[in-house]
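Hello,

Here is the structure I promised to pass on to you. Please open it next to this message and read along.

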Amino acid sequence: MRAAAIAQPNIALIKYWGKRDVDRNLPAVGSISITLRELFTEMHVQLDAGLPHDVLAVNGTPDTALLPRLSACLDRVMGSERSRARIDSRCNFPIAAGLASSASAFAALTVAAAAAANKSPEPAALASLAGRASGSAARSLYSGFVELENTADDIAVRTLRDPGEWPLAVVVAITASGPKSVGSTRAMELSRQTSPFYSSWIEQQPHDLGVARDAIMRRDFEKLAAVSEHNCLKMHSIMWASRPPVVYWNSATMGCLQTIRDLQAQGVGVFFTMDAGPQVKAVCLPEYAQQVRGALAATDGVIELMESGLGDAARLVDLT
Ligand code: DP6
């Protein structure tokens with residue numbers, strides 16, 4: 001009747017952008033991500049037959065805007081005949097600002113909801129349920145370097161490498177703190193319907209996935225850096241060429257890219273990636289993390305920095 005779970009957000013290196021089935025929220029392309037360690041969402045779910053409807057609090061504040069998506073996720077995990085639930089979400093990083101807050105939220109909610117309903121689905125079934133709520137959430141059910149593949153009728157997710165096997169660091173430069181201008185679900189549909197680059201994106205993705213998978217297996221940082229930056233810029237090019245255009249960047253986003261380019265020119269092992277928001281994620285070899293942090297802190301417009309290593313899969317939290 002009551003359970004809690006914790007999940008870390010993940011950052012895609014080879015991106016998911018576009019859906020092949022909107023109703024079932026199935027992605028149009030496979031993706032590869034890294035699960036983070038220091039950022040987290042913790043979800044408490046308590047079933048209460050006396051409640052007239054679900055209730056949600058985010059960091060202690062009642063929230064009705066996010067509730068419908070969370071309720072739909074509970075219905076999928078527990079069945080629509082379930083009791084109403086009290087959901088308490090705690091998150092230690094900005095929500096809806098392009099930091100994959102939906103990934104950690106829905107991964108944690110899926111795990112907590114299954115336990116509250118006394119169900120113990122296989123990880124593959126949990127990943128599939130989390131993916132229905134938010135495509136990127138399926139990856140937060142796994143640790144370290146994670147690949148999400150499209151199968152004939154669903155998705156299949158697995159860890160390619162555990163976090164300890166190649167402990168990269170991530171420095172996140174926050175360049176704006178408000179929620180993003182357009183949600184990623186809507187932006188993806190705009191891209192699919194209007195961007196002239198969308199079809200080549202779909203065609204080229206298997207190649208990028210293959211290069212990144214190989215780089216991860218060989219721990220080849222240069223190769224992973226090149227394909228990840230290319231894949232990220234392709235995704236943003238599709239958005240820019242959509243009608244209306246979807247532009248998440250601000251001037252500080254561009255400044256961070258220049259800072260990372262300058263570091264690369266000095267031989268620093270670092271590369272950038274960005275998602276549906278203006279924040280810049282600098283992925284680096286751990287020995288360069290401090291230098292990367294210092295350079296990004298000195299970049300105009302950077303409001304805050306967060307640093308993380310690679311982390312574990314979503315899991316239950318002991319309530320006793
Ligand atoms: C740019 O998982 O937020 O972060 O399935 O519509 O909820 P929905 O989308 P979401 O999209 C993530 C897009 C991305 C790239 C990625 O994480 O792969």
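Below are some notes on the chain as a whole, one of its sheets, and two of its empty spaces.

A word on the source: this is a predicted model, in which local features need pLDDT of at least 70 and side-chain atom pairs count only at pLDDT 80 or more, while totals for chains, interfaces and linings use all residues. Residues are numbered from 1 along each chain as its sequence is written, and side-chain values use heavy atoms, with hydrogens and water left out.

The chain has eight helices and 16 strands (DSSP runs numbered from the N terminus: H or I of at least four residues for helices, E of at least two for strands). Its radius of gyration is 19 Å, which agrees with the value near 20 Å for a compact globule of 320 residues (taken over C-alpha atoms; the rule is 2.2 Å times the number of residues to the power 0.38).

Now to the sheet. Four strands form an open, antiparallel sheet in the order β13-β14-β12-β15 (strands pair if DSSP finds at least two bridges between them). β13 (270-273) and β15 (304-308) are at the edges with a single partner strand each, so one side of each has no neighbour in the sheet. Between β13 and β14 (residues 280-284) there are four bridges, and threonine 273 sits opposite lysine 281 in β14. Helix α6 (residues 221-240) packs on the sheet, where it touches β13 and β14, and its direction makes about 20° with that of β13 (contact means heavy atoms within 4.5 Å; axes are lines fitted to C-alpha atoms, for helices over the stretch in contact, with angles from 0 to 180 degrees between N-to-C directions). Helix α7 (residues 251-265) lies across β12 (169-174), β13 and β14, at about 160° to β13.

Finally, the empty space. There is one cavity of 30 Å³ or more (on a 1 Å grid over the protein atoms alone, a set of points where a 1.4 Å probe fits but cannot get out; a pocket is an open set with protein on both sides within 12 Å along at least five of seven lines, and lining residues have an atom within 4 Å of a point). The largest cavity holds about 40 Å³ (the space filled by probe spheres set on the points, joined across faces, edges and corners). α3 gives the most to its lining, three residues. The second largest pocket has about 160 Å³, and α1 gives the largest share of its lining, also three residues. Asn25 and Arg132 are among the residues lining this pocket, and both also line the largest cavity.

Best wishes
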